[in-house]
Structures are given as structure tokens and as C-alpha cells.
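Trainee: I'd love a close look at a single part of this structure. Could you pick one and show me how it fits in with the rest?

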Amino acid sequence: MQELLFTGSELAERPARDSENSPYRDLRELYESAKTCTKCALSTTRRNFVFGEGNPTARLVVIGEAPGADEDALGRPFVGRSGQLLDKILMAVGFRREEVFICNILKCRPPQNRNPLPGEIECCLPWLLQQLELIDPCMLLLLGRVAANSLLDNNLSLGAMRGKIIRWKRFDCVVTYHPAALLRNPNWKRGCWEDVQMMRSHYDALPGTTNNP
């Protein structure tokens with residue numbers, strides 16, 4: 001199994017939450033339960049179940065749409081060209097990859113990287129909700145319209161969701177472009193930069209986040 005969690009001593013630890021909403025003790029236990037999921041047909045075409053990785057007590061969780069070919073091959077999220085760009089975007093506003101938690105709405109790659117089907121999202125979303133329950137972040141960065149529509153349960157355009165803090169459940173969310181879209185349309189990078197700057201400013205103003213990503 002690939003190393004899923006970063007537990008370096010340089011990372012600030014928070015006490016574990018005694019959550020009544022999760023039957024799992026931690027992310028590794030959740031992973032062991034989730035990795036053999038066969039709730040939808042994607043389980044028959046995947047090479048690897050892409051659970052996610054990062055700081056298990058991250059204050060910021062980054063959520064994309066679904067694994068691509070590179071992610072399916074390695075079992076890790078955002079490891080291709082779009083992942084390299086995501087790392088640069090996060091670094092530009094002071095986040096190292098290992099300080100946040102990175103995952104997707106879907107944990108298995110849709111064939112030919114097509115958009116997730118409603119039934120696939122319905123089957124996979126509970127795994128993501130359990131991840132969020134265990135990590136207990138204060139902010140979510142949602143990458144792309146599909147990820148944002150799926151999690152926020154709306155049909156809004158990306159433009160309608162960008163440029164603001166959206167409150168969902170107990171989390172403050174920022175929606176921006178998916179890195180893959182930025183690779184196809186470099187002129188959108190300025191808008192993404194504005195989004196993540198807004199996210200960082202809001203993040204720094206939240207209780208308990210300064211120097212504690």
C-alpha cells in the first residue's frame with residue numbers, strides 16, 4: 001500500500017475528534033474498508049483505488065473530480081501534469097503538499113476520463129464525507145465545476161461559484177479552476193491566482209490556522 005498519510009514531527013498535531021458520525025477511528029482504518037469498494041461499475045475498470053493523501057489533521061482539504069490515468073496507475077491523487085501545477089499553486093500561497101489533504105469526489109478513474117455519472121457520485125460521496133469527518137478541516141478548496149457541483153449539490157456554473165466563500169455544512173469552501181483546465185487555458189491562471197489568494201486570506205483569519213495548516 002502506498003504511504004497515504006504524512007505524520008512528520010514537523011506537522012502540528014490536533015487531538016483526535018471523538019466523532020459520533022464516523023464508525024472509523026482514523027483515515028487508515030477508513031482506507032482499509034474503502035479500498036475494495038465495489039458499489040459501482042468503476043471498480044471493474046480501475047487499476048487502483050485512489051483514496052487520497054496528506055496530513056490527517058489538515059486544516060485545508062483540496063478536492064478534485066476524479067483520478068486520471070496517472071493517478072489510476074499509481075494510486076495517488078494529482079500526480080500528473082495537473083498535479084505538478086496544483087503543487088505550484090499551493091506553494092504560491094504558502095501550502096506544502098504534505099500540509100494539506102488532497103483527494104477527489106470519485107476514488108476510481110472513469111473510462112477515458114469522462115465526467116462522473118450521477119450514480120457513481122452517489123456511491124462514492126459517502127467515502128469523501130467520512131474523510132472530511134475524520135480530518136475535520138476548516139476549509140475546502142474545490143477544483144472545477146464538477147467537483148463543486150457534486151459536493152455542494154447544485155448546478156451552478158463555475159463563474160457563479162468563484163470569487164466568494166461558500167459555507168457548506170461546517171466548512172468554508174472556495175471554488176476555482178481545475179489544474180487540468182488551466183493547462184488547456186493558461187489565460188485562466190490569473191483568475192485561479194485571485195481565488196487562492198482569497199482562500200489564503202480567509203484561511204489566515206480563521207481561529208487556529210496561523211502556522212497550523
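Mentor: Let's start with a rule: two strands pair if DSSP finds at least two bridges between them. The elements themselves are DSSP runs, numbered from the N terminus: helices are H or I runs of at least four residues, and strands are E runs of at least two. Keep in mind that this is a predicted model, in which local features need pLDDT of at least 70 and side-chain atom pairs count only at pLDDT 80 or more, while totals for chains, interfaces and linings use all residues. Residues are numbered from 1 along each chain as its sequence is written, and side-chain values use heavy atoms, leaving out hydrogens and water.

My pick is strand β4, which covers residues 139-143. Here's the setting: the chain has 8 helices and 6 strands, and reading from the N terminus you meet them as α-β-β-α-α-β-α-β-α-α-β-β-α-α. The 6 strands form an open sheet with mixed pairing, in the order β1-β3-β2-β4-β6-β5. Its edge strands are β1 (53-54) and β5 (166-168), each of which pairs on one side only. In that order, β4 sits between β2 and β6.

Look at the β2 side. Strand β2 (residues 60-64) runs parallel to β4, and 4 bridges join the two. Find L60 and you'll see that its bridge partner in β4 is M139. Now stay on M139 and turn to β6: there, its bridge partner is D172. Strand β6 (residues 171-176) also pairs with β4 in the parallel sense, this time over 5 bridges. Follow β4 along to L141, and across from it in β6 stands V174. If you're wondering what holds such pairs together, strands of a sheet pair through backbone hydrogen bonds, either parallel or antiparallel.

Next, the side chains. M139, L141 and L143 point one way from β4, L140 and L142 point the other way, and all are buried. Buried means under 20% relative accessible area, with exposed being over 50% and partly exposed in between (1.4 Å probe, protein chains only). So β4 counts as mostly covered, because 5 of its 5 residues meet that cut-off. For the whole chain, buried residues make up 56% of the 213 residues.

To finish, let's step back from β4 to the empty spaces. On a 1 Å grid over the protein atoms alone, a cavity is a set of points where a 1.4 Å probe fits but cannot get out; a pocket is an open set with protein on both sides within 12 Å along at least five of seven lines, and lining residues have an atom within 4 Å of a point. Points join across faces, edges and corners, and a volume is the space filled by probe spheres set on them.

The largest pocket has a volume of about 660 Å³. It is lined by 27 residues, and E65, N113, H178, A180 and R184 are the closest to its centre. Helices α2 (69-74), α3 (81-92), α5 (145-152) and α7 (179-184) each supply at least two residues of that lining. The structure also holds 1 cavity of 30 Å³ or more, and the largest cavity has a volume of about 90 Å³. Among its 14 lining residues, C37, C40, L42, C108 and C124 lie nearest the centre.
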